[in-house]
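Biologist: Could you take one part of this protein and walk me through it slowly? I'd like to know what sits where and what touches what.

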Amino acid sequence: MRNAPEKNEISQIYFQLLNQQKFTSDEIDYSIFEEKKSVLQNLATFGNSGVSVFDLYKREHIFYSPNFGILLGYDLAQIESQGQIFLDEKIHPDDFIALLQNGISLFKLFFQFSEDEKLNFKLINEFRILNASNQYIRIIEQHQALALSKSGKIWLNFSIIDISPNQDISQGLKAQLLNFRTGKTLPFNQEGFLPKNPGTALSGRERQILQMIKEGFLSKEISDELNISLHTVNTHRQRILEKLGANNSMEAIVFASRMGLL
């Protein structure tokens, strides 16, 4: 299991990134949330799933479906009174660290996404958590943006939890990033798929250049085609590698393709 200093250090980085997204009260419209409440309640009822909504402006959960605690055997009032801290303390220590690490990578990625892109992704986590009988069970938690602020920041995030059909508690966190636009489900933070620290997403120009590299264009040909200097092309190429945590152009193409960026 991970030690407390490591957990504290990663938690600090996570919340620093969370706090980088600043809101003003005039860009928040809670009537949007009120309109979605009945849909969320129906989702919980018909799917027999636990549904919650986290408000990134208030930094707290503003909705729990009445059945949210039933899946784990906890009293909903207890969860509501203590907030996310109550459930965080129940997550297996190793899985909790891994969840934070994935969260850090996703924040960096989403900060660079367009508004449409922010609404096109769902993170699916499967991890271990203690139930009311003090036994670890595996649950599946799906996260996605419910609403953006008027300035395009992720404001409301909703999650759905279900008991996983896989109850092998010897396994740690499993995570997938689903791109609604492409329909692809991508293993996240696993060797050979996404880089461990994907950094930020690519700019439009960087995607264009990487796509041309994928098609076999040389730097001089890209320079001529886009009417930019060779130095500018090489600068973009270096930034692409840095952002994706890739060692070479082929790795960058693989990483970007599997992240749905190409």
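Modeller: Here is a close look at one helix, its neighbours, and then a strand elsewhere in the chain. Keep in mind that this is a predicted model.

Some background before we zoom in. The secondary structure comes to ten helices and seven strands, and 47% of the 262 residues are buried. If you take the contacts between residues at least 6 apart in sequence, 60% of them join residues at least 24 apart. The protein exposes about 13,400 Å², with carbon and sulfur atoms supplying 50% of that.

Now for the helix I'd pick, α9, which covers residues 230-244. With 15 residues at 1.5 Å each, α9 should span 21 Å, and its end C-alpha atoms are indeed 21 Å apart, so the expected and modelled values agree. The buried residues of α9 are V233, H236, I240, L241 and L244. Looking down the axis of α9, you'd find these buried residues within an arc of 135°, so they line one face of the helix. That fits a simple rule: an α-helix has 3.6 residues a turn, so residues three or four places apart point the same way. On the face of α9 turned away from the buried side, you'll find the exposed residues H231 and E242. Right after α9 comes G245, which has a positive phi, near 65°.

Next, the neighbours. Helix α8 takes in residues 219-226, and its buried residues are S219, I222, S223 and L226. Those four cover an arc of only 100° around the axis, which puts them on the same side of α8. Among the things covering the buried residues of α8 are α7 and α9, so this is where our helix comes back into the picture. The face of α8 turned away from the buried side carries D224 and E225, both exposed. D224 also has a partner: K220 forms a salt bridge with it, the closest N and O atoms being 3.0 Å apart. K220 and D224 are four residues apart in α8, so about one helical turn separates them. K220 itself is partly exposed, at 48% relative accessibility. Just after α8, N227 takes a positive phi of about 60°.

There's a charged link between α9 and α7 too. The side chains of E206 and K243 meet in a salt bridge, at 3.0 Å from N to O. E206 is in α7 and K243 in α9, so that pair links distant parts of the chain, 37 residues apart. The two ends sit in unlike surroundings: E206 counts as buried at 3% relative accessibility, whereas K243 is partly exposed at 21%. For K243 the cut-off matters, because buried means under 20%.

α7, residues 204-214, has another such tie. R207 forms a salt bridge with E117, and their closest N and O atoms are 2.6 Å apart. E117 lies in helix α6 (residues 115-118), so this pair ties together parts that are 90 residues apart in sequence. E117 counts as buried, at 8% relative accessibility. Across the protein, the count of salt bridges comes to seven.

Last, the strand. β3 (residues 121-130) has ten of its ten residues buried, so it is largely enclosed by the rest of the structure. F121, L123, N125, F127 and I129 point one way from β3, while K122, I124, E126, R128 and L130 point the other way, and all are buried. In a regular strand the side chains alternate between the two faces of the sheet.

β3 has two pairing partners to look at. With β4 (residues 136-148), β3 pairs in the antiparallel sense over nine bridges, and I124 stands opposite Q142 there. β3 and β4 form a hairpin with five residues between them, and N134 in the turn has a positive phi of about 65°. With β6 (residues 174-179), β3 is joined by six bridges, again antiparallel. In β6, L177 is the bridge partner of L123, and L177 is buried, with a relative accessible area of 1%. The C-alpha atoms of L177 and N125 are separated by 8.8 Å, though these residues are 52 apart along the chain.

Key:
Residues are numbered from 1 along each chain as its sequence is written. This is a predicted model: local features need pLDDT of at least 70, side-chain atom pairs count only at pLDDT 80 or more; totals for chains, interfaces and linings use all residues. Side-chain values use heavy atoms; hydrogens and water are left out. The expected span of a helix is 1.5 Å times one less than its number of residues. Buried means under 20% relative accessible area, exposed over 50%, partly exposed in between (1.4 Å probe, protein chains only). The arc is that of the directions from the helix axis to the C-beta atoms. Two strands pair if DSSP finds at least two bridges between them. A salt bridge is a side-chain nitrogen of Lys or Arg within 4 Å of a carboxyl oxygen of Asp or Glu. Contact means heavy atoms within 4.5 Å. Accessible areas come from the Shrake-Rupley method with a 1.4 Å probe; for residues, only the protein chains shown count as cover.
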